[in-house]
Structures are given as structure tokens and as C-alpha cells.
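Trainee: I'd like to learn how to read a model like this one, feature by feature. Could you walk me through it?

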Amino acid sequence: MDWRSIESKWQRRWMKARIFEADPEPGRPKFFLTVAYPYPNSPQHIGHGRTYTLTDVHARYMRMRGYNVLFPMAFHYTGTPILAMTRRLREGDRELIDTFLNVYGIPEGDLDKLKEPLGMARYFHEEIKQGMLEMGYSIDWRREFTTIDPHYQKFIEWQFRKLRQGGYIKRGSHPVGWCPKCQSPVGQHDTKGDVEPEIGEYTLIKFRLGDAYMPAATLRPETVYGVTNMWVNPDAVYVEALVDGEKWIVSAEAAEKLKLLERKVEVVRELRGSDLVGGEVENPINGVSVPILPAGFVDPKNATGVVMSVPGHAPYDYVALEELKRSREELLKYGLDPGRVESIQPISIISVPDFSDLPARDVVERLGVSGQRDSKLEQATKEVYRAEFHRGVMKPNTGPCAGLSVQEAREVVKEEFSKRGLVDSMYELLNRPVYCRCGSECVVKIFRDQWFLDYGDEGWKELARRALDRMQIVPEDLRAEFEYTIGWLRERACARKAGLGTRLPWDPDWVIESLSDSVIYMAYYTVVRWLKKISPDRVTDEVFDYVFLGRGDPEGISKRLDISPELLEAMRREFTYFYPLDSRHSGRDLVPNHLTFMVFVHAAIFPEELWPRQIVVNGSVLMGGQKMSKSLGNIIPLRDAVRRFGADPLRLSLLISAEPIKDADFSPKLAQTCRERLERLYGLAREVVENYSEGEYELGHIDLWMLSRLHRRIKETTEALDRFEVRKAAHTALYLLSQDVQWYLKRCRRRMETEEGRKTVYAVLMRVLDTQVRLLAPFVPHVCEEIWEMMGRKPFVSTAPWPEYDEDTVRPDVEEAEEAVMELVEDVRNISKATGIKPKLVCVYTASEWKWRLYTEALKQRLEGRVEFPKLIREAMKSGELRKKAKQVQRYLKSLVEEVSKLPENKLRSRLKAGVPDEEAILTDAKPYLEEELNAEVRIYGEETPDKYDPANRAEKARPYRPAIYVE
Ligand SMILES: [Zn+2]
């Protein structure tokens, strides 16, 4: 099959017929979805392809469901992602050049063009767009733009003035993620593995050591009442330093970090952690003296490198203390008094329902934690933390905190004791270590005189939470991740000194950075094609205020700016038609930044009814189980993959291995298999179309079965797509339905030998095909268009209506009976295997009417509660006939009770709904198939048919859905 020519043919036709261009159609429901626009700083690989393909599937599905779907695309030229790439190129970065030349096949002569940001952006913009066209994405390209277009810059200026007016932008000094080597703030797009640095604040409790302080860093200051000792890492370097004039003992790394946090730090002397061990410090909160002990788990790079030990409530502390008590060697090494250490007992200060006095010990013992290095300790810590934070109450031995909840106590300790100078605080990365792309570990720095978006503002957080509450999050379990992000987000630098983008309108030395100019641009898509008709200098805030917020009067604006009122109104109409955004698709790594910022800024600027309705998050792509990376040499450029496998097979292989939220596992072999699968589908379609002739045909049992399966598959596919279970949907529409078709064809082999039979089979298959092609169109649109055209359908399957599910066509009775046919073949084969007899004759006996009647009765009983033998017997003995063979009836009922009790719930319901199938007729209908399949003569009898051939008295064993068998 010539995939490339089929694909380009349909891509041309779609473009020519403009079927993906969406204009407002009042009265028709719309669906507006977007996916993060790409940074054109390299060509795309198949990992990018997955996110865009998933979005395209969604767009195509909704279009077929009758929505007026808008799916636009643009290109993000702004900021460091492009800047950093050009810099690496100019610096002659070997790895990057190698990747560009040898992985992506960029001609060497083109490299020079890529050394300037704009050159690079334009170059890869075209490259990426070509890839999207070749993948067949159903994008409305009329709305394409870049983030450095003058009209877009006007829009971003408006956005920023709005935010500033709302009080959401501030200038000042705030903590930012920072690379000490690059001397630059770092966001997610600057870090290895695209990690967003999460900044948090540790409380420092200033334990006294002689005339100095040892500030213990903790996120749980309320546990200070339970401190039994101090931990230092004996092998780490510590320093004595003057910090704002006070003598502190902290790790050497901490001293450096405190400088970045605007503390005045003078290092007096260095010492080893082991020098500190054995000393005694005084707890500033209760005056209790506790020893300093060694612990390997203490990380000198985290906060101050000094940790207070609360073994009653912190699993790490509990385990480290127990280990130390047991290790005489360790105790002697540091000259510690074993008696002193052994006498240390955990102190209980928080009571939590369902835990003993010492929750740390409970969890450590339950999880079987083996030591300080056991990774289960993380889990144990989280568990205790969660239980105590949500349900803990402070005990009477906690001074002013007694009786308070843990959450309240935390605030009390921070506020009360910082007033008295007993506690301090320090910013730290909560998700450290985070590495800059240059390789250095990132830290926190207080950045002066910066412009910030104040995501720490409680009022703004509340708005964002409200917006989030109204939104659908797919998958729903990610909602907690969004809530967590809203919780920890604080002031965030929104402008840099360099890079492409829009200048801050009130301070043009600054360029708005890339995670700040990409949060409400979905609105811009709705009007961009009108805006371009106006010269940018006339696109003022007044225009946007009117178009997006409905403020001001179009007549006045029109006069002042010399823009026609019709144009203004057209923009307003189009915006209000398509907005709010119905769905935003993105990769999972954008949850802690872009996606949450989008929620914040929409909530700040737009009225509630225009907030986004949904976010859909997806995982990435692995290559044969491994992460794609340059070092592994397993990156497959998207356009290469299209050339190698074809767009449809590639699309399918990116969708079929995992549900959207999971990481998909791609391999060339998988793409190849998908391709062969689609070629088989195409081959069968061709056969059906060639052999089909119109007419009315009488449908037999197996035809009804095929149509029943078809409608079941429609329902399953539709429901799966509605839940974004894209893998399941594609699997159902392609593999499961094709399996049904294969069975159908197998069953019809004999029938196909007659003219009438052939015609009926092809008529049924035509109905199947008509549906299957539409079910598959969102996933593999090109081959579906090709088949659709071959079937004589017009104009495009892409705009055809989604198949409708018809409940009445689904026939559980027919399907149940067909299952009995499938099982029958299996049973005969098993008998033949067990006995070694190659059957020449197979007799099949179907259960008699009374067995069916009691079977149904048993199903009903089970549905009402449970199946009861005495009740069934009573029912049976009402009949004089059955009283005559009471023994046989009893035997049957005993096994019936057992069988029906074990029946799965769904089976129970479908069998009840199905009623009693005419098994004898169905098996008689299947006889030609059975004879062929078993290569034997097949005779069908009712259990009580007189004169039946039954030399081994098997007939009596017949049961509903399980006919008895005799083989010779
Ligand atoms: Zn760096």
C-alpha cells in the first residue's frame, strides 16, 4: 500500500475543502480545544507526536459528534528555550550539533541560520508545521501566529497591564530557583528533565550550643517539643559563621546558600560534623538539654544540614536512633557514652486516632523498614506526616500548643517564637536536587528588583481554586497535583533581560518570559484572523477590553481608532462564540507550571463564565521501555517516522500501547504491526466493496450476532472516548471488532458457497464496514477516507456523523448462544485430546425445557439474594412430570445451585435479560461450521428427542448453555 500518496492526497483534499476551518455558527454547539503550542527550538520527535495526536483524536471525535470544532495552532518563539539552544550552537556544543546533523538530518549548511534566535525559530517553525501537516492533524491553519507577531505583542501588553491593574504584578525581592553557574533564574524549561523548582520555607529552630546557635531546619516546627537529640552528618563539613551578626553552626553549603538569601555571612572557621558529635545543645523552646548525635541520612546540602530528632513522630529519627543504640562500634568511634544514648526514649507529643503514642514506630514496624537507607522510609514519613497533619492533636506536654491541631500548632510555633528570636527561616527547594541544563545543582536565591507575578497572593490562590473546582481534570486523580501546586506557588519572576518576546509595557528593559506570555493566548486564536486586518498600532487596550471583556462601546472605539464597527463586532461575536476553552491538552510535566498558571491568569482576567472547562493531561513516549534521550541514541524524529511507517500506522502506534496518562511504549516493530493491521483492514474493505450488492436479505442467527457485536463495540468505543480512554477505544474499534468479523467469516465459510449466502454476508459486512470506518476515523483518518471513498461515500469520513448506538440491535440471547457454539468446539477438541479418539461423529444434546425453566428461576433467586436449593426443589416438584424423575432433578439442581452462585454479576444479568435462546435452532444453523471445523459428522438433538442416537446416555447431562456431547 502506498501510504504516502494516500496520505498526501487526503491532506490536500481536506485543505482544499477547508473542512477544518471553523467559523461561528450560531445555534450549533461548538467545541474549542487547544494543545500547548511548540517552541520551535528543534525538530519534533515522536514523543511530541503523541500529545498532538491525542488532541487531534479528540478534535476529530468531537467533530463527528456534530460539534463545530476549533483546533488551532501557533508557535512559541519567546524566551530562554530558543535562546539557550542558539547559544549552545554558537558555543559549538558537540552533542547538540551531532544531534541536529545526525539524528535530525539537518543539512550542515543550514546550521549557520540556526545560530540566531529568530533564524532558528523560523527554521524549525516550518519544520514542525510540515510534520503536523504530514500527521494529518485537523488544524484550522488560518489562525496560525507566532508570539513575536506585533498583534500578539499588543495582546500580551494588554494581558500584563490587566494583571498589573489587578494588583497581581509586583516589583521586589523574592526567592527564585537559581543556577549559581549560569547566574540566572531557572524555571522548568531551564532544568534537566524539565523539573519545575518548587520553593518552600523551612523553619530554623535555634538550638543553643555555648555562645553559638545550631539552627535545625524543619518543615514541622510543632514537633520541637518532642526533640530528644540533634543530628549532624559526621562526614560533612560544617562552619561556624556570623550570620547577620549571630554565631551559627551550619553546613558549609548552607553558608553559601544563606548568602544568596540576602543574609550577611562571614565564615569564621570550618569543622567536621564528627567534631560536633557528643556536644550538648539546649532546646530554645523548653530549655531541655539534648546531645548531638551522628546520622548518615542527614544531607548537608539540604537547608542548614542540622536536623532535630523527634523519634516519636519522625520515622527517619526513630530508625536512626534505634540503629545507633544497637551499634557499639559507632558509639565508641565517636566517644559517646552508651548509657546516655540508650537512655534516650522517644517522646510522645501528638495523639492521632488509630495510632499508638508513637506513630513513627507504628509505621516503621508495619512497613518493616530495615535501616536508615531503606527507601520505604520516605513512604513511612509521608504516612505519619499526613495522619498527624490532618488528624493530630497536640498533647498537654506542648506548652502553648496543648490541645491545638497540628496545623494550628505549626503557626503558633512559627509566630510566637520568631517574635522572641528563637526561630528563623530559610528558603529551600522542596524537590531538590534540581539540576540546571548546564549541570549545576539549582538553589534558591532572593532576586532583587525583579518583576513578579504574585502567585503567592492568597486572594488570587482562592480564585484559582475556584476555577479549578469548576473544571474537569482528566484524569481526575491529577486534581490533587494542581491543588498542591496552587498551594506552594509563590511570587514568580515574569520577565528576563534577554530573549525574543514582548517587552514589559511599563519597563521596556524587560522581556516577558515564556511561561508568562502563554497562559491566555487561547483567547487570541479566536480573533487573530480579524486582528491582522488592522494595523498593529491601532490595536490598543480598548480593542481587547471590548472584544474579550465586552467593555466600552464599539461605535466610540471605532471612531477613535478608525476600525470599522462591524470588524469589532465580528471579533466580539467570534470570541463569545468559541470561548470559554472547552479542553486544554498538555503533557504531564506542565502541571506544576504552565497549566496551573493558565488557571490563575484566566481567573484573574476573565469573568467566571469564561474560565477554561477542562484540562486533559497525557504521559510521554518511551522507546522499547526506555526514556528517549540523546545519549541512548533512540530519538526518532517525527517526520522520519512518518516517512518510514506512514502517518496512520504511526498515529495508531502512539495511541495503542497505553492510555493517555501513562507513558506509551513505542517501537518500530509496533509501528510495523500497526501498519500490517491497517493494510489487512483495507484489504478486507476492498473485498467487501467489490462483492457487495444492494438488496434485502434475510438475516440468520449469525448475522444477528455480528450486528449485535457491532453495536456493542459502538457503545464501548464511544464510552471509552468520552472518558479519554483512547487506547481502549482504538483497541475496541480496531482489534476487538475485527476479531468479531473474523469469527463471523469463519462461521460463514460454508454459507459463502451459495450465491444467496455470499450476498447476505457481504451485505452484513458492508454495514459493519460503514460503522467501523467511522469509529476508526479519529485515529487513522487517511486510510478511513480512502475506504470511505471506495464505498462511494461523500464527501469525507472526517465530517461524517459518529455511528449511533442502537440498543435493540444488541441481542444478549444471540450472543450467549453463540458463545455456546464457540465453547462446543473447544469441548469436543478437549474430549478428543483426552480420549485420543479422532471424531467421525459428534452428537450434541441440548438441555430440555424444564432445565431451562429452573435455570431461569435460579438466576432470579440469585439476583434477589441467593440461590436456595429447597426453594428450587419445591418449584420443581410442582410438576407431575418432574416428580417422576425426582432423583435426576435433584442431581441437576444441586449442581445448578453451585453453578449459578458462582456466575459473575454481569453474566447473570445478561443471561436473565436474554431469556431462553432456541439452542437447538442455533446449533442446527451452526452445523455446517461445526462439521467443517471438527471434520466430522455432527448431529443435533434435544435432550428428550425420541429415537435420538445416544449410546452412552450422555443426553441427560445436557445443561443450559452447555449441551452434552457424545463423540465416536
Ligand atoms: Zn546553569
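Trainee: Let me start with one residue: is Thr526 buried or exposed?

Mentor: First, some ground rules: this is a predicted model, where local features need pLDDT of at least 70 and side-chain atom pairs count only at pLDDT 80 or more, while totals for chains, interfaces and linings use all residues. Residues are numbered from 1 along each chain as its sequence is written, and side-chain values use heavy atoms, with hydrogens and water left out. Now the general idea: buried means under 20% relative accessible area, exposed over 50%, and partly exposed in between, with a 1.4 Å probe and protein chains only. Thr526 has 0% relative accessibility, so it counts as buried.

Trainee: Where does Thr526 sit, and which residues is it in contact with, leaving aside its neighbours within four places in sequence?

Mentor: Helices (H or I, at least four residues) and strands (E, at least two) are DSSP runs, numbered from the N terminus. Thr526 belongs to helix α17, residues 521-531. Contact means heavy atoms within 4.5 Å. With neighbours within four places in sequence left aside, Thr526 touches Phe32, Arg143, Phe548, Glu574, Phe575, Phe578 and Tyr579.

Trainee: And how does Arg122 read, by the same steps?

Mentor: Arg122 is in helix α5, and its relative accessible area of 45% makes it partly exposed. Beyond neighbours within four places in sequence, Arg122 has contacts with Tyr77 and Ile148.

Trainee: What about the chain as a whole: how many helices and strands does it have?

Mentor: The protein chain has 35 helices and 29 strands. Its C-alpha atoms fill a box of roughly 110 × 85 × 55 Å along the principal axes. Of its 968 residues, 57% count as buried. Among contacts with a separation of 6 or more, 76% are between residues 24 or more positions apart.

Trainee: How do I check a helix, say α1, against its expected span?

Mentor: The expected span is 1.5 Å times one less than the number of residues. Helix α1 (residues 3-17) has 15 residues and should span 21 Å; its end C-alpha atoms are 21 Å apart, which agrees. Right after α1 comes Arg18, with a positive phi near 55°.

Trainee: Which residues of α1 are buried, and what do they pack against?

Mentor: Trp3, Ile6, Glu7, Lys9, Trp10, Gln11 and Trp14 are the buried ones. They pack against α2 (46-64), α5 (117-134), α22 (638-645), α23 (647-656), α24 (668-691) and α28 (781-790).

Trainee: So α28 is on that list. How many of its residues are buried?

Mentor: 8 of the 10 residues of α28 are buried, so this helix is largely enclosed by the rest of the structure. Those residues are Pro781, His782, Val783, Cys784, Glu785, Glu786, Ile787 and Trp788. Their packing partners are α1, α2, α23, α24 and α27 (755-776). Just past α28, Gly792 takes a positive phi of about 80°.

Trainee: Now the charges. Why would two side chains pair up?

Mentor: Side chains of opposite charge can pair when their charged atoms come close. The working cut-off for a salt bridge is a side-chain nitrogen of Lys or Arg within 4 Å of a carboxyl oxygen of Asp or Glu. This structure holds 97 salt bridges.

Trainee: Could you show me some examples?

Mentor: Take Arg28 and Glu25, whose side chains meet at 2.9 Å, N to O. Arg28 is partly exposed at 29% relative accessibility, and Glu25 is partly exposed at 36%. Then there's Arg88 with Asp93, where the closest N and O atoms are 2.8 Å apart. Arg88 is partly exposed at 24%, as is Asp93 at 23%.

Trainee: Which parts does the salt bridge between Asp740 and Arg709 tie together?

Mentor: The closest N and O atoms of Asp740 and Arg709 are 3.5 Å apart. Asp740 lies in helix α26 (residues 726-747) and Arg709 in helix α25 (residues 701-722), so the pair ties together parts that are 31 residues apart in sequence. Asp740 counts as buried at 5% relative accessibility, and Arg709 counts as buried at 18%.

Trainee: Which residues are linked in a network of salt bridges?

Mentor: Arg18, Glu21, Asp23, Asp140, Arg142, Arg143, Arg529 and Glu574 are linked that way. You've met some of those names: Arg18 follows α1, while Arg143 and Glu574 are among the contacts of Thr526.
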